Amino acid sequence: HAARRSAARRGAPRGPAGMAEVMQHSCVVRLRFPSERLARVALQSLEVDGELQPRRIHRDMHTQQDTLVVRYQAVELKLLRVAVSGFCDMASVVVRSMLEFDAPGAGA
């Protein structure tokens, strides 16, 4: 019971019976870009939209040099799948926009 109380104090999501839900499913997505600048542009474009159920799914995004790193944690596998799928769709739009509008040679 001490673990449940501790989780409740930290603001952990609660399930139907009042028990804290555990973010037991996770996924890491890494997208490599031609430059650090483009990785940062992708991060800034994609971090605008938060998750629709932030108490049930958590997303952490950051860049490591020329790579965008996105880590998801979710209480249910289906939520994780839907969130990652939605992220991939949005990342695809960002990358296509970069290809269409980014000036050649502007990767510095």
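At 56% relative accessibility, V22 counts as exposed in this predicted model, and the residue is placed in the loop that joins helix 1 (2-9) to strand 1. When neighbours within four places in sequence are left aside, the contacts of V22 are with A74 and V75. A further link across the sequence is given by Q73, which stands 51 residues from V22 along the chain, while the C-alpha atoms of the two residues are separated by 9.3 Å.

The surroundings of this loop can be placed within the overall arrangement of the chain. The secondary structure of the protein consists of three helices and three strands, and these elements follow one another from the N terminus in the order α-β-α-β-β-α. Among the contacts in the protein with a separation of 6 or more, 59% are accounted for by residues 24 or more positions apart. Of the 108 residues in the protein, 30% are buried, and the area exposed by the protein is about 7,300 Å², of which carbon and sulfur atoms supply 54%.

Strand 1 (residues 25-32) contains V28, a residue that counts as partly exposed because its relative accessibility is 38%, a value that falls between the 20% limit for buried residues and the 50% limit for exposed ones. With neighbours within four places in sequence again left aside, V28 is in contact with V69, V70 and R71. The C-alpha atoms of V28 and V84 are separated by 9.2 Å, although the two residues lie 56 residues apart along the chain.

Strand 3 (residues 67-74) includes T67, which counts as buried because its relative accessibility is 15%, under the 20% limit that defines this class. Apart from neighbours within four places in sequence, the residues in contact with T67 are R30, L31, R32, A39 and H62. The loop between strand 2 (57-64) and strand 3 holds Q65, and this residue, at 59% relative accessibility, counts as exposed. The backbone of Q65 is also notable for its phi angle, which is near 55 degrees and thus positive in a residue other than glycine. In accessibility, therefore, Q65 in this loop is classed as exposed, whereas T67 in strand 3 is classed as buried.

The packing of two of the helices was examined separately. Two packed helices are described by the angle between their axes together with the distance between those axes. For helix 2 (residues 36-46) and helix 3 (residues 77-101), the axes come within 10 Å and cross at roughly 130 degrees, an angle that makes helix 2 oblique to helix 3. The crossing of these two helices is right-handed. On the side of helix 2, the contact is made by L38, V41, A42, S45 and L46, and on the side of helix 3 it is made by F87, M90, A91, V94 and M98. Sorted by class, the residues in the contact of helix 2 with helix 3 comprise nine nonpolar residues and one polar residue, with no charged residues.

Terms used: Residues numbered from 1 in each chain as written. Predicted model: local features only at pLDDT ≥ 70, side-chain atom pairs only at ≥ 80, totals over all residues. Heavy atoms only, no water. Axes fitted to C-alpha atoms, helices over the stretch in contact; angles between N-to-C directions. Helix = DSSP H or I, 4+ residues; strand = E, 2+ residues; numbered from the N terminus. Parallel < 35°, antiparallel > 145°, perpendicular 65-115°, else oblique. Left-handed = near helix turned anticlockwise from the far one by under 90°. Contact = heavy atoms within 4.5 Å. Nonpolar A, V, L, I, M, F, W, Y, C, P; charged D, E, K, R; others polar. Buried < 20%, exposed > 50% of the residue type's maximum accessible area, 1.4 Å probe, protein only. Areas by Shrake-Rupley, 256 points an atom, 1.4 Å probe, with all protein chains shown as cover.
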